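Subject: Handing over a structure, with notes

Dear colleague,

I am passing on to you the structure we spoke of, with the sequence alongside. Please have both open while you read the notes that follow.

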Amino acid sequence: MISTRDIFSALQRYWGYSSFRPLQERIVGSLLESRDACVVMPTGGGKSLCYQLPAAMLPTQTVIVVSPLIALMHDQMAQLTQMGISAAVLNSSMPQDQQAQIIRKAANGEFRLLYLSPERLARADSIEWLKRVPISLFAIDEAHCISEWGHEFRPEYRQLSSLRNHFPDRPIAAFTASATRQVRHDIIDQLKLRNPDKYIASFHRPNLRYIVKECDARTQPTLLLRALNHYGDNNLIVYAPTIKRVEETVDFLESQGIPAIAYHGQMNSDTRRRNQERWMSDEVRVLVGTIAFGLGINKAAVRAVIHLSLPKSVEQYYQEAGRAGRDGLPADCILLWQKKDAGLLAYFIGQITDNAEKERAWQRYHVVRNFVESENCRHLQICFHFGETAKWKSCAACDICGAAPSWLVQPVAVAKPKRRAAAAGVGAFHSKTISATSVPALAGGSRSPGTPSPITAADPDSELCEYLREWRRATAREQDIAAFMVMHDTTLDELARRKPASLVDIRRVPGFGEKKTERYGQSVLEALAQFRKGARATPTRTASSDPGGETLALLAQGRTLEEIAHIRGRQLSTVASMVAGMVERGEVGFQPGWIHRDNQEKIEQACSQLGLERLRSLKNALPVEITYDDIRLVVAHLRHDRNA
């Protein structure tokens, strides 16, 4: 029989924490008692620990974790290895001999956790060898994907319903951050959970301020700049709806002297990983990504998440916005939407052929439209959407309840593109830095286990924090791992607060378990000693570039648009849009070689009949092989001539 004392001992030994977040201890207890469970906890609530801790405490058994993202599985495996917990990932991209070795070791019970994709688990041969593995339980991550009513339904998840038939005596635990009451019921039905223990955390995140603002294509860039300047040197996520918008936004911010990096699904995996790591290790504070970014990202000190388009659903918005303020300190969730976003969502819904799925998509559409257009408290709407009855009428933490920031309510002037960007990096991005004391802390915010309350804890030494971040980056590079795997931001801040003088002191810092202390403790003490002797961090913040200047220089070299896209790491359509803007403003002359002469003539003829304002009308009137890029360039040329 495993006691409460045993559970806390394992928490301290492996994770270096002395207390749990809300619900974690009870969930761990349920799983150790081999009970089915349905767990709904917000982003950053600590779901993974709930199945990882039981795995660490069962030395002869294996937790099978089902996850949809290979990168996330590898990250979790690496973090567990750092803590001294044996884990493995099995996927089809591995060499056959490596797969066979993992299967053999799993059958021998050598792993505490084994990560599989739902597709892999559904294979008949997987079921056969899994029956030889000493399985303690199945943990289904992102479990809302099993429900057609969920916002990320994946058909391959439906095959997980066979787990109960193949492994009738093994418990199944479902985990998700964003499931409505209907989706929760569907998860329980689909996975055939038996009288499951249900753990539904509150959907109210009182440390978050929800700000929703309708704008247009002219004012949105100005509002984005105001927001970024307001948050100064803090970590931010900007979500854009398409890959093209991601790249255009990064180029726009760089042109304004704000260093930013991109993250999207069409990057090669090395570039995507490198960009994510640069943001995670604070080399660049602003990351602009598609919805592909964020799952499993464990960065606590994100002061704002900014959306540049209407999300598909309230669930999607709640999950993405919830990546702000995971340290329990005040943070903002800003949604800058345009009417055309709604039209685009409606267009894509119209393309859905399955009538039932189309109806569900329309329901999500109407709910999210109501969320942004309603005059009811944003926190109240979110709680109600997820089936939670709130006990307040006004939250004082959303734009509806009078908490709109000053930068948002000022008159909006249209941002002008700068031809030459400031190159000072940090100096161009400094207007206001938020600290724990710059915005009133709201009671009840979630925080990392063992971390002192942000209301009472002294702020860490900022110079020491930067020095430790530099040490963390160097250590991560030496081991070829991500910086957050060495230690999380909250642990780093605690080191800077406590300034430990011995390994015993380090062991008391939340986040330093036995293996972490053994692996990094002496090196941390040496870094602290060097800091006391006067060592300081070398400025490493990336300076902004000049995307327009780079493109003009490449055009002057005679490079084609395709070559420029390759050199700058951009999609062709992004480069074509930038060049079209330069042509229209007269910064570069139109080059006939960009477009086949026959196509140019066809586009000019269509423009003479339909005008220069609506590209879609022109596209519909032209042969299918003529692209939007071709049309943009010719239209820009004609507009410049018209206005000259």
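Which residue in β7 does Cys38 stand opposite? The residue is Lys198, and before going further I should say that this is a predicted model, so please read everything below with that in mind.

**The sheet of 7 strands**

Cys38 lies in strand β1, which covers residues 37-40 and is joined to β7 by 4 bridges, the two strands running parallel. Both belong to an open sheet of 7 strands with parallel pairing, and across that sheet the order is β3-β4-β2-β5-β6-β1-β7. At its edges are β3 (87-89) and β7 (197-200), each of which pairs on one side only, and from one strand to the next the twist averages 15°. Helix α2, made of residues 24-32, lies across β1, β5 (135-140), β6 (172-176) and β7, and its direction is at about 160° to that of β7.

**The sheet of 6 strands**

There is also an open sheet of 6 strands, again with parallel pairing, in which the order is β8-β13-β12-β9-β11-β10. Here the edge strands, each pairing on one side only, are β8 and β10 (260-263), while neighbouring strands are turned against each other by 20° on average, if direction is ignored. Strand β11 (residues 286-289) runs parallel to β10 and is joined to it by 4 bridges; within this pairing, Ala262 has Val288 of β11 as its bridge partner.

Two helices that pack on this sheet can be followed strand by strand. Helix α11 touches β8, β9 (235-239), β12 (302-307) and β13 (331-338), and its direction makes about 170° with that of β13. Helix α12, for its part, touches β10 and β11, with its direction at about 175° to that of β10.

**Two pairs of helices**

As background, two packed helices are described by the angle between their axes and the distance between the axes. For α11 (residues 220-231) and α12 (residues 243-255), the axes come within 12 Å and cross at roughly 60°, which means that α11 is oblique to α12. The crossing in which α11 passes α12 is right-handed. On the side of α11 the contact is made by Gln220, Pro221, Leu224, Leu225 and Leu228, and on the side of α12 by Arg245, Thr249, Phe252 and Leu253; by class, these are 6 nonpolar, 2 polar and 1 charged residues.

The axes of helix α25 (residues 561-568) and helix α26 (residues 572-585) come within 9 Å and cross at roughly 115°, and therefore α25 is roughly perpendicular to α26. This crossing, of α25 past α26, is right-handed. Leu561, Glu562, Ile564, Ala565 and Arg568 of α25 make the contact with Leu572, Val575, Met578 and Val579 of α26, and the residues of that contact divide into 7 nonpolar, no polar and 2 charged.

**Aromatic pairs**

Finally, a search of the whole structure finds 14 aromatic pairs. One of them is formed by Tyr210 and Tyr317, a tilted pair with 6.3 Å from centre to centre and 50° between the planes. This pair links distant parts of the chain, with Tyr210 in strand β8 (residues 208-215) and Tyr317 in helix α14 (residues 314-321), 107 residues apart.

With best wishes

Conventions. Residues numbered from 1 in each chain as written. Predicted model: local features only at pLDDT ≥ 70, side-chain atom pairs only at ≥ 80, totals over all residues. Heavy atoms only, no water. Pairing = 2+ DSSP bridges. Axes fitted to C-alpha atoms, helices over the stretch in contact; angles between N-to-C directions. Contact = heavy atoms within 4.5 Å. Parallel < 35°, antiparallel > 145°, perpendicular 65-115°, else oblique. Left-handed = near helix turned anticlockwise from the far one by under 90°. Nonpolar A, V, L, I, M, F, W, Y, C, P; charged D, E, K, R; others polar. Phe/Tyr/Trp six-rings, centres within 6.5 Å; stacked < 30°, edge-to-face > 60°.
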